[in-house]
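Good morning, and thank you for joining this short presentation. I shall ask you to keep the structure in view while I speak, as I will refer to residues by name.

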Amino acid sequence: MAKTALITGITGQDGAYLAQLLLSRGYTVHGLLRRSASAEIIGERLRWLGILNDVQLIDGDLIDLSSCIRIMQTVKPDEVYNLAAQSFVAASFQQPLLTGTVTGLGAANMLEAVRIVCPQARFYQASSSEMFGKIQAQLQNERTPFYPRSPYAVAKLYAHWMTVNYRESFGMHASSGILFNHESPLRGIEFVTRKVTDGVARIKLGLARELKLGNLDATRDWGHARDYVQAMAAMLQQDTPDDYVIATGRTTSIRDFCHMAFSYAGLNWQDHVVTSADLLRPAEVDVLHGDPAKAKQALGWHAVTSLEDMVAEMVEADLARHRGRIAAPPPSLG
Ligand code: NDP
Ligand code: GDR
């Protein structure tokens, strides 16, 4: 029998790739959609992947428990992937309460809705390497103590422990994926990798001359979102729910990422990147470097796409987007 999945955050980067993966496996895919006044740009990522008409979108909001319950009653999912969040770390310092409400309590709402309506459904929580924050071990794995450094990370930690607690208290098949940074051409423009590849494309095409960034010294363990959604799905196919670190095992500085992306387009990053203190965070996560050994052993998962290939894919996609815009500027609203 074909399975039914519910994805919150389906309009985001991971939601779009996960929907594509589950559709390719024959699932019926439902996605929670929050109301927006800009309806025409909702679903842009799903459209880009060519699957907008293949998913069933259902209105709701993570912070509205009644809508979460109603959606469970309507969809009757076999698998629930809770990807929705206020996911931008920098914004969480400016909007800590909103972030706590959506990213933390929102996950509790989803767990409650599953517990009340469909306790047999399998549940995935999108946890984050940001929970390691000020790292307590050189390589971070499932046993590394957490030390969150932002309101976002604190909210994710609450959601993570609620997932563990619902598993232990109510016997729910609830798993938490502690995912390190993962990127793609569908990454939000505000995150540093996409900001860089978009900047490279603009500069290459003569649309901009410089790119303003913050801290170039931080390092991240960057993988490709297309690979990482495979791990999410794999967790829910296990007999026993558990928590897994998902990472590549390689860490790279923002500076080196700039070097890679600009050189791919035949540019010297030092000619274009400027730094601004405005983009520094009140508390920084200096280094993230994951150890995905458990996921490899238990899920048979490993990252497939190299950082070099991902950078090339992202720069090419941004070049194509901007070339398209130059050829056909969007109609004016006025
Ligand atoms: P995005 O920011 O691209 O997507 C976030 C999604 O959440 C969007 O679909 C957004 O909807 C939705 N959303 C936000 N607020 C609400 C709300 N109140 N009710 C319902 N939906 C809401 O994130 P990613 O795809 O990159 O990440 C997916 C998840 O994984 C997030 O929880 C993120 O924190 C986590 N994560 C991400 C990592 C990464 O490197 N990408 C690493 C580790 C964890 P809308 O389109 O309307 O804004
Ligand atoms: P992160 O991603 O905070 O790791 O969270 P982001 O790309 O925003 O920052 C990574 C690092 O780059 C530094 N940086 C800049 N960041 C941004 N956004 N813009 C800049 O101009 C800039 N200059 C330097 C940052 O200081 C930071 O050190 C992402 C999100 O997807 C989270 O939701 C997810 O949980 C974690 O990854 C794992």
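**Helix packing and two ligands**

Let us begin with a contact between two helices: V192, T193, V196, T197, V200 and I203 of α7 meet I254, F257, C258, A261 and F262 of α9. Sorted by character, the residues of this contact of α7 with α9 comprise nine nonpolar, two polar and no charged. I should state at once that the model is predicted.

How are these helices placed relative to one another? Helix α7, which covers residues 192-204, packs with α9 at an angle of about 35 degrees, and their axes are 10 Å apart. The crossing in which α7 passes α9 is right-handed.

Helix α9 also has a second partner. The axes of α9 (residues 254-264) and helix α11 (residues 307-327) come within 10 Å and cross at roughly 55 degrees. Because of that angle, α9 is oblique to α11. Their crossing is right-handed.

Which residues make this contact? On α9 they are F257, M260, A261 and Y264, and on α11 they are L307, E308, V311, A312, V315 and E316. The contact of α9 with α11 divides into eight nonpolar residues, no polar ones and two charged ones. Please note F257 and A261 of α9: they take part in the contact with α7, and they appear again in the contact with α11.

I turn now to another pair of helices. Helix α3 (residues 65-75) and helix α5 (residues 96-117) pack at an angle of about 45 degrees, with 9 Å between their axes. The two helices, α3 and α5, are therefore oblique to each other. Here α3 passes α5 in a right-handed crossing. From α3, the contact draws on L65, C68, I69, M72 and Q73; from α5, it draws on N109, M110, E112, A113, V114, I116 and V117. Nine of the residues in this contact of α3 with α5 are nonpolar, two are polar and one is charged.

Let us proceed to the ligands. How many residues surround ligand 1? There are 24, and the closest are T11, R34, D61, S87 and Y152. For T11, an N or O atom of the side chain is 2.6 Å from an oxygen atom of ligand 1. K156 places a polar side-chain atom 2.8 Å from an oxygen atom of ligand 1. With H182, by contrast, a polar backbone atom is involved, and it is 2.8 Å from an oxygen atom of this ligand.

Which residues come nearest to ligand 2? Of the 22 residues around it, they are S87, S128, Y152, R281 and E284. S87 and Y152 are thus listed for ligand 2, and they are also listed among the closest residues to ligand 1.

Three further contacts of ligand 2 deserve mention. A polar backbone atom of E190 is 2.9 Å from a nitrogen atom of ligand 2. K195 has a polar side-chain atom that lies 2.7 Å from an oxygen atom of ligand 2. Finally, a polar atom in the side chain of R220 lies 2.9 Å from an oxygen atom of the ligand.

Thank you for your attention.

Technical notes:
Residues are numbered from 1 along each chain as its sequence is written. Chains are lettered from A and ligands numbered from 1 in the order in which they are written. This is a predicted model: local features need pLDDT of at least 70, side-chain atom pairs count only at pLDDT 80 or more; totals for chains, interfaces and linings use all residues. Side-chain values use heavy atoms; hydrogens and water are left out. Axes are lines fitted to C-alpha atoms, for helices over the stretch in contact, and angles run from 0 to 180 degrees between N-to-C directions. Helices (H or I, at least four residues) and strands (E, at least two) are DSSP runs, numbered from the N terminus. Angles under 35 degrees count as roughly parallel, over 145 as roughly antiparallel, 65 to 115 as roughly perpendicular and the rest as oblique. A crossing is left-handed if the near helix is turned anticlockwise from the far one by less than a right angle, and right-handed if clockwise. Contact means heavy atoms within 4.5 Å. Ala, Val, Leu, Ile, Met, Phe, Trp, Tyr, Cys and Pro count as nonpolar, Asp, Glu, Lys and Arg as charged, and the others, Gly among them, as polar. A residue is near a molecule or strand if one of its heavy atoms lies within 4 Å of it. A polar contact is a pair of N or O atoms within 3.5 Å; within protein, one must be able to donate a hydrogen and the other to accept it, and residues adjacent in sequence count only if both atoms are side-chain atoms.
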